[in-house]
Amino acid sequence: MAWDFETDPEFQSKLDWAAEFVRTEVEPLDLLYPNPYDRTDSEAMALMRPLKEKVKEQGLWACHLGPELGGPGYGQMKLALLNEVLGTSIWAPSVFGCQAPDSGNAEILAHYGTQAQKDEYLAPLLAGEIGSCYVMTEPTGGSDPTLFRTRAVRDGDHWVINGEKWFNSNAQFAAFHIVMVVTNPEVSPYQGMSMFIVPAGTPGLEIVKNFHVRGFSEHEGHLRFTDVRVPADHLLGEEGQGFLVAQTRLGGGRVHHAMRTVALVRKAFDMMCERAVSRQMRKGPLGGLQMTQERIADSWIEMEQFRLLVLRTAWRIDKEQDYLKVRKDIAAIKVAMPKVMHDIAQRALHLHGAIGVSDDLPFVDMMNYAEVMGLADGPTEVHKITLAKEVLKTYAPADPVYPSGYRPALREQARALVAERLEHIVGNL
């Protein structure tokens with residue numbers, strides 16, 4: 001049996017190095033260059049390259065990948081601890097080679113890509129030379145696959161794609177897109193969708209609009225596909241495997257979002273406490289007021305509960321090696337994440353007063369980040385339904401008239417049990 005809350009010393013030294021490195025060398029980029037995905041920014045890219053080399057020297061590059069793909073093959077537990085460091089900086093994931101959506105797209109290519117697809121798209125993606133975009137949600141259906149309308153129809157050696165996709169991360173800067181479309185409308189969406197690699201610049205592929213989301217460096221693209229012809233060898237996996245392929249990236253992606261959110265929650269909490277001990281009121285520091293103390297106490301409890309839930313989920317993923325077996329836990333952290341982030345950021349904002357709502361402090365961006373996390377990779381409401389269904393699977397129905405906690409019946413059972421035991425005791429005197 002293993003039940004431990006300690007990090008092994010060797011990996012802890014890696015975390016200590018990463019924390020100092022992110023604080024002193026990576027976070028300054030956040031203040032000067034707003035978008036780590038824009039590879040046309042030659043100055044920012046030139047500054048990032050030597051930082052990547054330092055990360056590789058430490059063996060911390062692309063930690064989500066196995067050795068066969070150039071990563072150290074860390075499990076989710078170690079990734080969780082590392083992401084608690086990286087989540088404080090918008091540039092850190094790119095410097096460490098684990099930025100979304102590229103990390104999830106790399107997993108898809110690694111699991112389902114042909115050798116030719118890996119050579120052309122996966123290798124430069126892992127090297128950080130190009131970016132990618134994951135294209136799934138639609139304007140009329142959100143993330144509900146039963147409402148997807150974008151179609152691909154086979155035409156000889158090509159597939160022809162028509163439709164519109166909505167809020168696709170970094171479409172503006174992507175070298176290629178991994179697109180989920182309906183290929184067989186006659187069957188269930190879970191058997192009738194497929195994934196395709198669509199290179200940027202393919203005729204008929206149009207970026208209608210780029211949305212900027214406050215608090216995020218990513219830009220979200222509205223894409224339109226008009227008779228976009230894709231070679232048949234750009235199919236990822238088998239025809240009809242689209243939903244299965246999607247789950248390869250979505251399960252891990254949700255966990256990684258939660259891991260990085262732990263870091264942002266900690267950052268908001270630290271700023272709250274610093275404010276509490278430094279801001280002087282008429283009768284002492286702000287932290288001497290009971291209302292402030294209540295906010296700090298509530299925030300610490302919520303933060304630690306959330307962190308432990310994330311770490312336990314990571315541990316279960318490593319143990320089970322099957323995202324479906326950890327579906328309930330992943331749904332739970334996805335539900336908890338936006339509320340914890342929002343509530344602690346809001347408390348920190350209020351303790352800072354007027355400057356808390358300005359762009360000079362990060363709290364408004366953090367609160368908006370929380371709202372995005374309530375929508376990204378499936379809305380909170382959907383994950384609550386998933387969680388409830390998974391929990392209820394473990395229970396057997398009880399008598400609706402006399403439920404399992406019905407005390408009169410339990411008393412009768414208790415009396416019978418006590419009588420039996422007394423009879424046994426008397427018989428042995």
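In this predicted model, the charged end of Lys-209 sits over the ring of Phe-211. The distance to the ring centre is 5.2 Å. A second contact of this kind involves Lys-56 and Trp-61. Here the charged end of Lys-56 lies over the Trp-61 ring, 4.7 Å from its centre.

Aromatic rings also pair with one another. Across the whole structure, a search finds ten aromatic pairs. One of them joins Phe-11 and Tyr-74. Their ring centres are 5.3 Å apart and their planes meet at 80°, over the 60 degrees required, so the pair is edge-to-face. The two residues come from distant parts of the chain, 63 residues apart. Phe-11 belongs to helix α1 (residues 9–32). Tyr-74 lies in the loop between α2 (42–57) and α3 (76–86). Both Phe-11 and Tyr-74 are buried.

Phe-211, the residue beneath Lys-209, also takes part in an aromatic pair, with Phe-167 as its partner. This pair is stacked, with 4.5 Å from centre to centre and 20° between the planes. Again, distant parts of the chain are linked. Phe-167 is in strand β3 (residues 158–169) and Phe-211 in strand β6 (residues 205–212), 44 residues apart. The accessibility of the partners was also computed. Phe-211 has 18% relative accessibility and therefore counts as buried. Phe-167, at 35%, counts as partly exposed.

Ring pairs also build a cluster, which links Trp-17, Phe-21 and Phe-96.

Notes. Residues numbered from 1 in each chain as written. Predicted model: local features only at pLDDT ≥ 70, side-chain atom pairs only at ≥ 80, totals over all residues. Heavy atoms only, no water. Phe/Tyr/Trp six-rings, centres within 6.5 Å; stacked < 30°, edge-to-face > 60°. Helix = DSSP H or I, 4+ residues; strand = E, 2+ residues; numbered from the N terminus. Buried < 20%, exposed > 50% of the residue type's maximum accessible area, 1.4 Å probe, protein only. Lys NZ or Arg CZ within 6 Å of the ring centre and 35° of its normal.
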